[in-house]
2 protein chains.
Amino acid sequence: MSDPLPNAGLFTLRDFSLQVGGVVPEPLLVYQTYGTLNADKSNVILYPTSYGAQHGDIDWVVGPGRILDSSKYFVVIPNMFGNGLSSSPSNLPEVIRGGPPPVFTHVDNVTAQRRMLREVFGIERLALAYGWSMGAQQALHWGALFPECVERIAAVCGTAKTTPHNIVFLEGLRAALMTDPAWNGERFTSKPERGLKAFGRVYAGWAMSQAFYREHLYLTLEYSDLEDFLVRDWEASFLRRDAANLLSMLDTWKRSDISDNDLYRGDLKSALGAIRAKTFIMPSQTDLYFTQEDCLREAQLIPQSEFRPIPSIWGHRAGNPSKHPEDQLFLKNAIADLLCAKQPRPDF
Amino acid sequence: MSDPLPNAGLFTLRDFSLQVGGVVPEPLLVYQTYGTLNADKSNVILYPTSYGAQHGDIDWVVGPGRILDSSKYFVVIPNMFGNGLSSSPSNLPEVIRGGPPPVFTHVDNVTAQRRMLREVFGIERLALAYGWSMGAQQALHWGALFPECVERIAAVCGTAKTTPHNIVFLEGLRAALMTDPAWNGERFTSKPERGLKAFGRVYAGWAMSQAFYREHLYLTLEYSDLEDFLVRDWEASFLRRDAANLLSMLDTWKRSDISDNDLYRGDLKSALGAIRAKTFIMPSQTDLYFTQEDCLREAQLIPQSEFRPIPSIWGHRAGNPSKHPEDQLFLKNAIADLLCAKQPRPDF
């Protein structure tokens, strides 16, 4: 099933039912690997994707000497359903495109990832599940749904269950996109350029903190002024994306809840309490939607957790610090500490 | 010029030029008064309107025994330009509607207000300028532009200069509205219902804090769930408004800067330093766009200021607490303290 390229793969999921509904016959999971799997398969890091991102957007984190060190670890980035590489509205088989779009949940994402790791590589256990934002949500799903398969979790700027305020933020994004003339009430009849730009502008207020803007940090990113930042960074980022895919991933985000499944039946306390991995909960201190208060509340319910907020004014972006070395260093040191930590439970 | 009704008035501004540009021959200022002006005209409270609001939306604050006590004070609510009662895109004379829309600034608002008070009532000095949000911006403009005319200021949840992050929030709102099919690049060709709903949904995430949603306080407002709150409160609020007026007031908000005028020429420190009124700066501790950090920075530059943040999880709405008694009491006590305070400067 794996791609002929050594580091990229396309895994077809046979007999796979989506958790909530909708039919995707044999969904595809596209992944990318970095580094070398060792003989006892004990050096695996899983790094799921974040909202709107494909593996190439987030793999700056991976490399020799980087936050996820591919000279020591075998790092696998699985592309989330809906992101345009794995099964997504944009690449569904023609025969089912006319029907109602499938609904993907993180249960679908992590179930597919686990099958891929097992069937392609024979991997049963992760040394670390690392993720930022929706990636953190997937890492925490691993911890709750497959407790015996995850030794460590680093959940950077993400909660296991999406909070009500976060849902309101997402509803604002969705409404802005669907206001576009190309939305016919069921689907987009053409590329919704206005809507994608509005989506970017709304997002821009949430993704970084008030202090980021107060200190004019966008100027450090080589934008000439605030408007230039909104146009060339935020509008441009989303104009590159497929609108139906953005709605699909947004729905996955909105539904994130590690207890919303047959194992935990809505009992979040039990689900968080079932995580056996050594877990670093790492919000940004200035994140406006995955707030540190919300992350702390979840951390307090995870037995082997440590709360390590990132001291940064980059807001949510502190957790994906491709251009700010201080936050990079903070993450790198934290992951080094976490990987050194012996798993304290006798069953590992 | 004043209306025959005793408490409502319509003041026509002759020979009035807008600060930035655009032509409105003889703009109208509509106001409402409460209580009785005393003989020496020393009991005047000016209470300018906030974004999207008309006097009837915010006058619950005024009344015997309320935050602004109309049994003792003569309270005047001037409607901001753009709000649909005073001169606004929606009520411009037919002859100039086709041209570029006028740009209203708070300098225009407070200049018009001062002329109205003087010419209609012979009022030269305010005992208090009280305002919430854009009303606070106007109150602070009074303090900087007419220092000798304002004894006290209560600036609730507002800054004298709109911050960069606040501008990004506003840009998100504007983009959502202009994404509507009814926007033709210059104006709305019909009522942009989709856009107004999206506007409300985006706004909802900003107006209250994350904690407000975490604690499900919308249920205390008699909404059945989060979606019901978004639809019946936020979408409905903006569906009642005129879209061009919303854009006009948004532009006024974005441009707010008490130093952007001939007196201070961009020197915010001088402008804040020129305020002679005893000033209470009263942000909400959880306001997401007029943050307490930004308010504190301005308070530190106002000579006779006192920083009194509202301890509330209602976010920006803490400053307009029509339905939450604790914040009401906090404001009422603060205003009582402020009105008791003798003006410390000898020149009053």
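Strand β5 and the A-B interface

A:Leu128, A:Tyr130 and A:Trp132 of this predicted model point one way from β5(A), A:Ala129 and A:Gly131 point the other way, and all are buried.

Visitor: How many of the residues of strand β5 of chain A are buried?
Guide: In a regular strand the side chains alternate between the two faces of the sheet. In β5(A), A:Ala129 and A:Gly131 point the other way from A:Leu128, A:Tyr130 and A:Trp132, and all are buried. For residues 128-132 the count of buried residues is therefore five of five, with buried meaning under 20% relative accessible area.

Visitor: Which residue in β6(A) is the bridge partner of A:Tyr130?
Guide: β5(A) and strand β6 (residues 152-156) of chain A run parallel and are joined by four bridges. Helix α4 (residues 134-145) of chain A completes a right-handed β-α-β unit with these strands. The partner of A:Tyr130 in β6(A) is A:Ala154.

Visitor: Which residue stands opposite A:Ala129?
Guide: Strand β3 (residues 44-46) of chain A also pairs with β5(A), in the parallel sense, over two bridges. Opposite A:Ala129 stands A:Leu46.

Visitor: What area do chain B and chain A bury between them?
Guide: In contact are 37 residues of chain B and 37 residues of chain A. Carbon and sulfur atoms carry 66% of the buried area, which totals about 2,900 Å².

Visitor: Which residue of chain A meets the side chain of B:Arg214 in a salt bridge?
Guide: Between chain B and chain A the count is four salt bridges. In one of them, at 2.7 Å from N to O, the partner of B:Arg214 is A:Asp294.

Technical notes. Residues numbered from 1 in each chain as written. Chains lettered and ligands numbered in written order. Predicted model: local features only at pLDDT ≥ 70, side-chain atom pairs only at ≥ 80, totals over all residues. Heavy atoms only, no water. Buried < 20%, exposed > 50% of the residue type's maximum accessible area, 1.4 Å probe, protein only. Pairing = 2+ DSSP bridges. Right-handed = clockwise from strand over helix to strand, strands pointing away. Contact = heavy atoms within 4.5 Å. Buried area = accessible area lost by both parts, 1.4 Å probe.
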